[in-house]
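Reader: I've just opened this one and I'm a bit lost. Could you walk me through it?

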Amino acid sequence: MHEFGKVAVLLGGRSAERDVSLKSGAAVLKALQEQGIDAHAFDPSEQPLQNLIDDGFERVFIALHGRGGEDGVMQGALEWLGLPYTGSRVLGSALAMDKIRSKQIWQTLELPTADYRIISEPLSLQCAEQVLAQLDGKVMVKPACEGSSIGMAKAEKPQELADAIAEALKFDDKILVERWIQGQEYTVTILNGRALPAIRMQTPHEFYDYSAKYQSKSTEYFCPCGLPAEEEQALKKHALHAFEALNGAGWGRVDAMKDDEGHWYLLEANTVPGMTEKSLVPMSAKAEGIEFPQLVVQILAAATV
């Protein structure tokens, strides 16, 4: 497939998700090379981006997760260099990376998302008690701009919330405190303008945390997801709408939950989802009849500048 020219797979980087990115990038690189594509690993934390030009790269597959790779920073740099790259543009990457901005946009479009508060400093126990009371007594704490569930924690007591905020502030200066949703978690892959089969995740953990995503052998994935066909179609439509509302493009993933009363809530969008052996996008693509090598080629083929 020489029409792609020399391809750089960006992996690693400097974010808290570096280890996951290295695994994603290695899987993508192997699949591209198996398809006869002249692909090479490129870790931007180890060499300057100018080397992409100096070494004759013609297209870039972004497999960087988190800050500096998924938030619009790398996308802007590649546009400056004039290199076609995979996935969302600068604006879409920046908006999707910010869970608070994502929720605010979805709210204006009347897309369902859980009630929340924004915290930017440590909380006293009195303030923590007030926040819990405002959000029905149980919450999820999330750094606004981290992925892979890094820095996330559940809290239902003032001290737990104060401690969770203090920990989350190590990762971000704005923290999303979201009303706890009791129910089942789903994810929908977006690939070049269409939604692929939804996946339902089930874990014995309190929530789908970093360990459940990447380390645990007890996490279960269901695809087909078990929803009635009409309800799954509605979920996929919501996911597409949510992704497009954030100016998402190319490929990505939208996470949502259905509570025990049957109400749906959007959680977040991911513009560079994981591509490891435990990752959800390849699983959904396979259910659609798209094997991993085909998937990465389809993503690469949509790269633009």
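**A helix and the sheet beneath**

Author: Let's start with helix α6: what covers its buried residues includes β4, β5, β6, α7 and β7. Here contact means heavy atoms within 4.5 Å, and buried means under 20% relative accessible area, exposed over 50%, partly exposed in between (1.4 Å probe, protein chains only). Helices (H or I, at least four residues) and strands (E, at least two) are DSSP runs, numbered from the N terminus. This is a predicted model, where local features need pLDDT of at least 70, side-chain atom pairs count only at pLDDT 80 or more, and totals for chains, interfaces and linings use all residues. Residues are numbered from 1 along each chain as its sequence is written, and side-chain values use heavy atoms, with hydrogens and water left out.

Reader: Which residues of α6 are buried?

Author: Helix α6 runs over residues 125–134. On its other side, Q126, E129 and A133 are exposed. The buried ones cover an arc of only 100 degrees around the axis (taken from the directions from the helix axis to the C-beta atoms), so they lie on the same side of α6. They are A128, V131 and L132.

Reader: In what order do the strands of the open sheet come?

Author: Two strands pair if DSSP finds at least two bridges between them. In this sheet there are 4 strands, and the pairing is antiparallel. β4 (116–119) and β6 (153–155) each have a single partner strand, so they stand at the edges, with one side of each left without a neighbour in the sheet. The order is β4-β7-β5-β6.

Reader: Which residue stands opposite I119?

Author: β4 pairs with β7 (residues 175–179) in the antiparallel sense over 4 bridges. In β7, the residue opposite I119 is I175.

Reader: Which helix packs on the sheet?

Author: This helix covers residues 158–168 and touches β4, β5 (139–143), β6 and β7. Its direction makes about 15 degrees with that of β5; axes are lines fitted to C-alpha atoms, for helices over the stretch in contact, and angles run from 0 to 180 degrees between N-to-C directions. The helix is α7.

Reader: And zooming out, what is the radius of gyration of the protein chain?

Author: The chain has 11 helices and 13 strands, and 54% of its 305 residues count as buried. The radius is taken over C-alpha atoms, and the globule rule is 2.2 Å times the number of residues to the power 0.38. For 305 residues, a compact globule would come out near 19 Å, which agrees with the chain's own value of 19 Å.
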